[in-house]
Structure formats: structure tokens, C-alpha cells
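Hi there,

Here is the structure I promised to pass on. Have a look at it first, and then read on for my notes.

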Amino acid sequence: MEARVKLFGHPVHQMLIVLPLGILTGAVIFDVVHLLTGGGQWALIAYWLIPVGVLSGLLAAVFGFADWTKIPRATRAKRVGALHGSGNVVVVLLFLASWLLRRGGVATDPGIVPVVLSLAGGGLSMLTGWLGGELVDRLGVGVDDGANLDAPSSLSGLPAAPGAAARR
């Protein structure tokens with residue numbers, strides 16, 4: 001099942017999702033370093049990474065939702081996609097709450113609650129990331145119809161498999 005929104009032949013959601021995943025993982029890592037060292041600069045880095053991760057996550061979610069609406073009802077893919085998407089909403093909310101609690105002059109010493117929220121968001125993102133992988137790798141969501149090991153480049157404008165354009 002091909003993605004609804006593509007850029008240069010590739011699903012936009014799959015291109016964008018690496019940004020929030022990497023940025024928010026970085027925030028978790030800097031929070032852990034802050035906990036281990038007590039260095040306020042590490043918490044400050046996490047503080048600035050979180051809103052970038054939240055905003056890029058919301059942008060990726062728009063395209064993920066567009067792809068999800070194309071999945072046929074009453075399929076395992078639709079259920080997994082709903083879990084993936086709703087779980088990622090919770091991830092964004094956890095990080096947003098963590099960031100909001102750090103505001104007001106406590107960015108360099110956020111306390112335990114914002115860090116726990118960050119760690120919970122990071123942990124949940126591993127599960128939702130796995131669900132996203134399940135959608136693509138196991139259920140074929142966002143994969144070109146007729147994809148194969150010798151398919152032409154997506155930039156060629158040709159379908160992945162000969163005759164695929166006729167089946168659409």
C-alpha cells in the first residue's frame with residue numbers, strides 16, 4: 001500500500017519521522033547525562049531540544065495521519081496504525097509536559113518530574129517506533145506496489161514493477 005503523500009517518490013512521513021525521533025532521543029540522553037553529572041548545561045540542551053522535537057513530531061504526524069486514512073478499515077494495519085499514532089500523541093504530550101515544567105528559570109535544574117516525563121516519552125517512543133516498523137516492514141504500509149530488489153529509481157517516474165501502473 002503506497003503512501004498518500006510523497007516527495008521525490010518517497011513517503012513524506014517516513015522521511016520526517018527521523019527528526020523528532022532523533023531530537024527527542026537526544027533530549028533523553030542529555031537528561032540522563034544531567035542526572036549522572038549534575039551539570040546544568042546538559043539539562044539546558046535537553047530543554048531546547050524538546051520543543052524542536054515536539055514541533056517536528058507534530059509535522060510528521062500530519063503526514064502519518066494522511067497515510068493512515070488510506071489504510072483499509074477492519075485490517076490489522078489500521079489497528080496497528082491507530083496504536084502507533086495515538087501512542088505518538090502521548091509521546092508528544094509527555095515531552096511537552098516535561099518542557100512546560102522546565103520553563104520559568106528551571107531549565108538548568110529541572111527536578112525529577114520533568115526528567116521522568118522525558119524518560120517515559122523516550123521509552124514509549126521505542127514501542128511506537130516498533131509499531132511504525134511493523135506497519136512498513138511487516139504490513140507493507142508506505143511501500144510501493146510491486147516493490148522489488150530490481151525496481152527502477154523512484155526518480156525515474158516508472159512504477160516499481162512492470163505493469164504496476166495498469167493495476168492502479
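Below is what I found in it, going from the whole chain to single residues.

First, a word on the source: this is a predicted model. The protein chain has six helices and two strands, and from the N terminus on the order of the elements is β-β-α-α-α-α-α-α. Along the principal axes, the C-alpha atoms take up a box of roughly 60 × 35 × 25 Å. Of the 168 residues in the chain, 37% are buried. If you count the contacts with a separation of 6 or more, 67% of them come from residues 24 or more positions apart.

Now to the interior. The largest nonpolar core has twelve residues, among them Leu24, Val28, Ile50, Val54, Phe95 and Trp99. Helix 2 (18-37), helix 3 (40-68) and helix 4 (76-102) each give at least two residues to this core. There is also a second, separate core of six residues, and Ala77, Val80, Leu135 and Val141 are included in it. As background, nonpolar side chains in soluble globular proteins tend to be buried together.

Phenylalanine 95 is a good place to zoom in, as a member of the largest core. What does Phe95 touch, leaving aside its neighbours within four places in sequence? The answer is Leu24, Val28, Ile50, Val54, Ser118, Gly121 and Gly122. Leu24, Val28, Ile50 and Val54 belong to the largest core as well.

Next, the packing of two helices. The axes of helix 3 and helix 4 are 9 Å apart, at an angle of about 155°. With the cut-off for roughly antiparallel set at over 145 degrees, the two helices are therefore roughly antiparallel to each other. Their crossing is left-handed. On the helix 3 side, the residues in this contact include Ala46, Tyr47, Ile50, Val54 and Trp68, and on the helix 4 side they include Lys78, Val92, Phe95, Trp99 and Arg102. Sorted by class, the contact has 13 nonpolar, two polar and two charged residues.

Three single residues are also worth a click in your viewer.

- Histidine 84 sits in helix 4. Is His84 buried or exposed? Its relative accessibility is 12%, and buried means under 20%, so histidine 84 counts as buried. Beyond its neighbours within four places in sequence, His84 is in contact with His13, Thr128, Leu131, Gly132 and Leu135. Leu135 is also one of the residues in the second core.

- Leucine 119 is found in helix 5 and, at 36% relative accessibility, counts as partly exposed. Apart from neighbours within four places in sequence, Leu119 is in contact with Val28 and Val32. The C-alpha atoms of Leu119 and Lys78 are 28 Å apart, with the two positions 41 residues apart along the chain.

- Serine 154 lies in the loop between helix 5 (112-138) and helix 6 (164-167), and its 28% relative accessibility makes this residue partly exposed. Which residues does serine 154 contact, leaving aside its neighbours within four places in sequence? They are Phe8, Gly9 and His10. Serine 154 and leucine 7 are 147 residues apart along the chain, and their C-alpha atoms are separated by 9.8 Å.

That is the tour from my side. Happy to talk any of it through whenever suits you.

Best wishes

Terms used
Residues numbered from 1 in each chain as written. Predicted model: local features only at pLDDT ≥ 70, side-chain atom pairs only at ≥ 80, totals over all residues. Heavy atoms only, no water. Core = buried A, V, L, I, M, F, W, Y, C linked by side-chain atoms within 4.5 Å. Buried < 20%, exposed > 50% of the residue type's maximum accessible area, 1.4 Å probe, protein only. Helix = DSSP H or I, 4+ residues; strand = E, 2+ residues; numbered from the N terminus. Contact = heavy atoms within 4.5 Å. Axes fitted to C-alpha atoms, helices over the stretch in contact; angles between N-to-C directions. Parallel < 35°, antiparallel > 145°, perpendicular 65-115°, else oblique. Left-handed = near helix turned anticlockwise from the far one by under 90°. Nonpolar A, V, L, I, M, F, W, Y, C, P; charged D, E, K, R; others polar.
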